[in-house]
Amino acid sequence: MRSGGAAPGMAAGAMLKHRRTALERVEKFVSAAYFTDCNLRGRLYGASRPPAALSCFQSPLRVPYGEAVGRRFGPAAVGDSFGPAWETCWFKVELSIPPAWAGREVHFVWESDGEGMVWRDGQPVQGLTKEGEKTSYILTSCLKESEPHSVTLYVELACNGLFGAGKGTMIAPPDPNRRFTVSKAELVVFNRDVYELLVDLEILLDMARLLGEENQRSFQALYAANQMVNVCDVTDPATFPAARDLAAAIFGQRNGESQHSIHAMGHCHIDSAWLWPYEETIRKCARSWVTVIRLMESNPELTFVCSQAQQFEWVRSWYPGLYAQIQDYVAKGRFVPVGGTWVEMDGNLPSGEAMVRQFLQGQRFFREQFGRICSEFWLPDTFGYSAQLPQLMRGCGIGRFLTQKLSWNLVNAFPHHTFFWEGIDGSRVLTHFPPGDSYGMLGRVEEMLKTVKNNKDKGRVNHSAVLFGFGDGGGGPTQKMLDRMKRMRDTDGLPRVQMSTPDRLFSVLEKESSQLCTWVGELFLELHNGTYTTQAQIKKGNRECERILHDVEVLSALALAQDSSFQYPASQLQRLWRLLLLNQFHDVLPGSCIQLVVEDALQYYAEIRRAGAQLQEEAVQSLCGDLLQPESGHAEGTLVLNTLPWERTEVISRTGPAGAEVLALVTAPSMGYAILREPLPPPQPVTVVKQEDGSVTMENGVIAVCLDAMGRLTSLRLAHSEREAVADGCCANQFALFDDVPLYWDAWDVMDYHLETRKPVTTLLKPLEITLAGGLRGSASFSLRVGKSSTLTQEIVLDATCPYIRFLTQVEWKESHKFLKVEFPVQVRSTNATYEIQFGHVQRPTHWNTSWDWARFEVWAHKWMDLSEHGFGVAVLNDSKYGASARGNVLSLSLLRAPKSPDATADITQHHFTYAVLPHRGSFQDAGVIQCAYNLNFPLHAVPASCAQCPAWSAFSVSSPAVVLETVKQAEDRPDAVVVRLYEAHGSTAVTWLRSSLPVTEAMLCDLLEQPLAKEPLALEQQGVRLSFTPFQVLSILLVLRQ
């Protein structure tokens, strides 16, 4: 009974309450599924009416607004379906608001399984996604007579959901025939007082449920909610204020001073491409961000953090009106750019220089557009984090880092949420993982309690982040999330929840940081390690295009230094770099994307190759123009260009007089060129001998190899040495096929148990035959059947003077859920193997002593890996692979996978790649493994030229073998200067002279953003510029050239 006196014979007073029935009573009172005829939820909306008219047109293209409104629209109705996937439907919605609704809040409600955008008066005004809990656009919060009662809206509907168009499951390949339905389109009266009561009751219910039976506060919340149901008559809004007062009394009881503080920030993780193509992401950004702007207009406390300069650039180009509003809120400090990178890139596979460019392009964009650079690196969803990142962050003005992905570890729980992360050079950054282990929270009580309970650094820090908003496919924050957290601002029993910014959070953490622990080395994600290998064509395109841009920059910078009238192609290079950086997004380069994205990515690589070749030709023409004209009647010479910072003697292939390929042994100076007139004779020619048993031996005076009929190495020695590199009784260059069926994340994961399914590849199609008999080059070829229907053909090549043997591999790959690797069992004993990473290397164990060791059964590396004992070792080099492992004495290179989701065609094509094996005396550092891996990846350039007398010319060289000159480019803001970037590669303290034949007038140290680091320039001496390095240190030098 809601009123009246006590029943006769009963004393007035409290009723007994059963916890479960009281809880369920309140649940049913707010339920959207039960008793909606008589509960509070059923009163959320009042009167409704359909649109006065609804019409549409459909297009396979993403038609912009200006063009769409001029098209012919045909009749449409609620319940109609549209498709197939990736098409676009434009709806014209004509609304007529009844005058009787005066004084009421009126919404336009739109429900569809496709993503929608409302346009009004030529501007985007609201994103609509059912999955993102945004199904209404507020027309007016209180209808006035003076307001227009007839309104025309346009709704742009994408035939894809928040997570694309997967067939059956989220990560399944898109269903090409999928259709999308408009299930609701109507005008409604929205009862704001009912909504506020519903949010009150939801928070109290969650407190009652989640604080637990042993907690006094749980019962206070439950009894308050129960009493609210008692006083609330759903048919009489006059009873609502009394019910709200009961809730306010609970929310108004404050916390003590020691309570944990949560820094809440709106967030909307948008994958730049994943289960949808790049083009759709542009619209996802607009839908999500325009919704944030609407929320900011009505919630002055809301802050929103946003990463990825590329996405800002898309919105700037395609939605200038929206972008102007964003700029306004950035200036107010509420729409907060974070991250400092062009995209949220993969954290493992991009080269060191590509990572620098992510920051350089990102930070420059943020400074140009918003007047400031970011002070936090933001990478919440990437599949592991290189140990070189702290130094690169520091060099780009960033000392703070946020992610949460290590909460996905399959084996070991990471021991911290707030800590210092130290890189391989000793650089440290303050790092925070939101303890709720998510970047897409919904503002619920449960998440706030988890944030406190889960925090692994209790007692060290008392502040943490909550990032709220739908993410991955966009969506972002909702009004309901904000309203939930308003009630938790300072409510006894719950952590304090305040709207905040990354700067406020990190500033507090810095003040509390004296007790924080330090994690040294890589942040390895114990999951998703199939992404080092999936979509091999993307991996190859990435490595190749990193090389192309390196070479174009080196040659263009040298051309500029030699001739100040040369136009350095700065804008073309920026465009190509941005394409490469976009493809390094953390679902593209890792290969965890749909086929449409793969096609886009390969097209971008093709464009970099095409434009890069043209720019390189122009640079060479300017640099060496006089040498390129063969004199009539004279024999042609060859101009050989070397873009690496050491002298190289190698066998090259050039086109001879009759158009045939001719081999020549050449020496090219460090970062320079030479004219080859008479080829050098090899100090010792390559010998190739076929034995009676079908095996082949090759020797070049540096190394000697023996190959069996299946192309396997039975022996690998340094010439004039008895020291065998291949393990006794084993064969190296042994291919092995594994079953590769993960638990769910198909393109992402290779599981530990795949190692139990190893099958050596032993079906010979064509036994080993000599293909080049020796001299400057010897080679032998063979073919194998791999799996059910794939073939592998390999040419094994040994060049004169070369310390490694190359394996030129071609695979026609047609497998399904198989993993192909090549193994090198070596006669070396060491508890650690070494792997190249960005600007350095790391060691990882070759044993599985602990769970931390065996969780790294599949790891990543760049151009080389090495296993060495004192005095001897073996390195495996590669030109396009990233997956690797070393267990015991077996070095293994991962070659190809065959997942079926989200791209059913992943890797089913022809593949070409090269790897090499290099036995060496001494350490890998002293043996030049690092230089050899560069040589394999950066071939010499041979260009037909005159036979003129021309001394060899070297632009740069470095006196210490420990220091690598990685990059030469024009300075961003000084056309009269070049920037050179060097790093210490051995892990040693080193001093080196940087020598240059360029007309340098001044040299100064700068950071990675090319800002000078010291007031005083470096001394220019006879031997060059003297530079000091600590282990793995990266230095950038600005060299001003004489005009």
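Q: In what order do the strands of the open sheet of six strands run?
A: In this predicted model, the open sheet of six strands has antiparallel pairing. Its edge strands, β31 (759-760) and β39 (859-860), each pair on one side only. The order is β31-β30-β36-β43-β42-β39.

Q: Which residue of β36 is the bridge partner of Phe738?
A: Strand β30 covers residues 734-739 and strand β36 covers residues 818-825. The two pair in the antiparallel sense over six bridges. In β36, the bridge partner of Phe738 is Phe819.

Q: Which strands are the edge strands of the open sheet formed by four strands?
A: The four strands stand in the order β45-β22-β25-β46, and their pairing is antiparallel. An edge strand here pairs on one side only. The edge strands are β45 (941-945) and β46 (953-954).

Q: Over how many bridges do β22 and β45 pair?
A: Strand β22 spans residues 637-642 and pairs with β45 in the antiparallel sense. Gly637 has Ala945 of β45 as its bridge partner. The number of bridges between β22 and β45 is five.

Q: How many residues of helix α18 are buried?
A: Helix α18 consists of residues 929-937 and is mostly covered. Its buried residues include Val929, Ile930, Cys932, Tyr934 and Leu936, and polar names such as Gln931, Asn935 and Asn937 are also on the buried list. The count is nine of its nine residues.

Q: How many disulfides does the structure hold?
A: A disulfide is a covalent bond between the sulfur atoms of two cysteines. The cut-off for counting one is a pair of cysteine sulfur atoms within 2.5 Å. The sulfur of Cys268 is 7.5 Å from the closest cysteine sulfur, in Cys306, which is too far for a bond. The number of disulfides in the structure is zero.

Q: Which cysteine holds the sulfur closest to that of Cys802?
A: Cys802 counts as buried, at 11% relative accessibility. The distance from its sulfur to the closest cysteine sulfur is 6.7 Å, too far for a bond. That closest sulfur belongs to Cys932.

Q: Is Cys268 buried or exposed?
A: Buried means under 20% relative accessible area. The relative accessibility of Cys268 is 8%. Cys268 therefore counts as buried.

Q: What accessible area do the residues of the nonpolar surface patch have together?
A: The patch is formed by Leu410, Val411, Leu755, Trp848 and Trp854. One of these, Trp848, is found in the loop between β38 (840-845) and α17 (851-854). Trp848 is partly exposed, with a relative accessible area of 32%. Together the patch residues have about 400 Å².

Q: Which residue has its backbone nitrogen 3.2 Å from a polar atom of the side chain of Asp490?
A: Asp490 lies in the loop between α12 (479-486) and β20 (496-499). At 17% relative accessibility, Asp490 counts as buried. The backbone nitrogen at 3.2 Å from a polar atom of its side chain is that of Asn255.

Q: How many Å apart in space are Ser1036 and Leu982, C-alpha to C-alpha?
A: Ser1036 sits in strand β53 (residues 1034-1041) and counts as buried at 2% relative accessibility. In sequence, Ser1036 and Leu982 are 54 residues apart. In space, C-alpha to C-alpha, the separation is 6.4 Å.

Q: What is omega for the cis peptide bond that joins Ser901 and Pro902?
A: Most residues other than glycine have a negative phi, and most peptide bonds are trans. A cis peptide bond joins Gly83 and Pro84, with omega about 0°; Pro84 is in the loop between β4 (81-82) and β5 (88-96). Pro902 is found in the loop between β43 (890-896) and β44 (910-921). For the cis bond between Ser901 and Pro902, omega is about 5°.

Q: What is the phi of Glu133?
A: Glu133 is found in the loop between β8 (123-128) and β9 (136-140). At 45% relative accessibility, Glu133 counts as partly exposed. Its phi is positive although the residue is other than glycine, with a value near 55°.

Q: Is His720 buried or exposed?
A: His720 lies in the loop between β29 (713-718) and β30. Its phi is positive, about 60°, although His720 is not a glycine. The cut-off for exposed is over 50% relative accessible area. At 69% relative accessibility, His720 counts as exposed.

Definitions and conventions
Residues are numbered from 1 along each chain as its sequence is written. This is a predicted model: local features need pLDDT of at least 70, side-chain atom pairs count only at pLDDT 80 or more; totals for chains, interfaces and linings use all residues. Side-chain values use heavy atoms; hydrogens and water are left out. Patches are made of residues with over 30% relative accessible area and no salt bridge: like charges are joined within 9 Å, nonpolar side chains (Val, Leu, Ile, Met, Phe, Trp, Tyr) within 5 Å. Accessible areas come from the Shrake-Rupley method with a 1.4 Å probe; for residues, only the protein chains shown count as cover. A salt bridge is a side-chain nitrogen of Lys or Arg within 4 Å of a carboxyl oxygen of Asp or Glu. Buried means under 20% relative accessible area, exposed over 50%, partly exposed in between (1.4 Å probe, protein chains only). Two strands pair if DSSP finds at least two bridges between them. A polar contact is a pair of N or O atoms within 3.5 Å; within protein, one must be able to donate a hydrogen and the other to accept it, and residues adjacent in sequence count only if both atoms are side-chain atoms.
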